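I opened a fresh notebook page for this one. Here is what I looked up, entry by entry.

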Amino acid sequence: MMPMAAFSPRGESRAPWDRVLVTGGAGFLGSHLCTRLLDAGAEVDCLDNLSTGRAEKVAHLSGRPGFRFLERDVSEPGCAEALPGPYDLVLHLAGPASPAARPERPVDVLDAGSVGTRTALAVAGRDGARFLLASSPPVCPDARGGDVPDDADPVRPHSVCAEAVRFAEALVAAHAGAHGSNAGIVRLFTGYGPGMRTDGAGTEVAGTPAAVLGQALAGRPVTVPGDGSRTHPLCYVDDMVDGVLLVAAGRSVRPVDIGGDEEPTAAEIARLVIELTGSGSPLAFVEDTGAGYVQPRPVTGFAREIFGWLPSVTWQDGLERTVAALRGRPDPVPTATGETAEGRAGEWWA
């Protein structure tokens, strides 16, 4: 592997990997990672069963040399054998976006965190590849804005996400400790940007870019919880991709936080989105059902000092880029139930 200092994720140097496996590659972050890796000269196998991802997100890559899309479930028996590799890097992004993303399929969520992670680790171990788990903050918000503390009852509603994430991290740490695997963890905080979903399950947290954009584009009232002062640490997707690839290029086992250092309020986000979209949506202050909830914030000192990661896109700039991209995207097509195809699709870290 090339020295980490020789690698710049923005394309100034070639990627230090010849072939990469990205599980959950047809999700929001996964599709951006596939694109960046191809741009940097790596071959990419994008694995996704499309239960939450969308093939459309990687359709623009289908004709590019070195890209292969594999519609498979990483949790199914025989998946590892169907991935011949050899890979230099395995990025494991297959998992739930939030506890509400797939409430009717809790077993699938748990399988992704357990069986799926074990399979991805086995592929990396077989090929001697660097393995990186995309994880989430330790506290996993539930659909009502509450939180799931570390000692939560594992059968509590909406806790499957927290349990799946916790087990996946423990499994990666155990492999690194017991087998000396080159395996690490990156914890991703609120990411946004072109290609993220703006409607449906997983965008239920009021005041976030996804929720606000969905409401403004649909002409619905843009809801802001409480007095609008709750803040959201935002990280533009290009900066998040930079962070993931810099951590991947190292050998750290310790979990690394990747998230924005700017924390605009929900009201600031809503007002800027209304302005950028030219929407006639009114601003509506609603009951803050998560009053008292403290949103986890990234501690990025390790990412900055060890990996040289530094977010470069301001939240205002990022929202402007996101809106510009949404304007160039066709409207979601309604299904027979009235739900859009995009609304049915959960994303990884949307």
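Before counting rings, I noted the rule: rings of Phe, Tyr and Trp (its six-membered ring) pair if their centres lie within 6.5 Å, and planes over 60 degrees apart count as edge-to-face. I also kept in mind that this is a predicted model.

**Entry: aromatic pairs.** How many aromatic pairs does the structure hold? I found 2. In one of them, tyrosine 192 meets tyrosine 236 edge-to-face, with 5.6 Å centre to centre and 70° between the planes. I then checked where these rings sit: tyrosine 192 is in strand β7 (residues 191–192) and tyrosine 236 is in strand β9 (residues 235–236), so their pair ties together parts that are 44 residues apart in sequence. Both tyrosine 192 and tyrosine 236 turned out to be buried.

Next I looked at phenylalanine 302 and phenylalanine 307. Their planes stand at 90° and their ring centres are 5.8 Å apart, so this pair is edge-to-face. Phenylalanine 302 is buried, at 19% relative accessible area, and phenylalanine 307 is buried too, at 8%.

**Entry: a charge over a ring.** Which residue lies over the face of phenylalanine 302? I found arginine 254 there, 3.9 Å from the ring centre.

**Entry: cysteines.** I searched the whole structure for disulfides and came back with 0. Why does cysteine 46 have no such bond? The closest cysteine sulfur, in cysteine 34, is 4.1 Å from the sulfur of cysteine 46, which is too far for a bond, because a disulfide needs the two sulfur atoms within 2.5 Å. I also noted that cysteine 46 is buried, at 0% relative accessibility, and that cysteine 79 is buried at 1%.

Key: Residues are numbered from 1 along each chain as its sequence is written. This is a predicted model: local features need pLDDT of at least 70, side-chain atom pairs count only at pLDDT 80 or more; totals for chains, interfaces and linings use all residues. Side-chain values use heavy atoms; hydrogens and water are left out. Buried means under 20% relative accessible area, exposed over 50%, partly exposed in between (1.4 Å probe, protein chains only). Rings of Phe, Tyr and Trp (its six-membered ring) pair if their centres lie within 6.5 Å; planes under 30 degrees apart count as stacked, over 60 as edge-to-face and the rest as tilted. Helices (H or I, at least four residues) and strands (E, at least two) are DSSP runs, numbered from the N terminus. A charge sits over a ring if NZ of Lys or CZ of Arg is within 6 Å of the ring centre and within 35 degrees of the ring normal.
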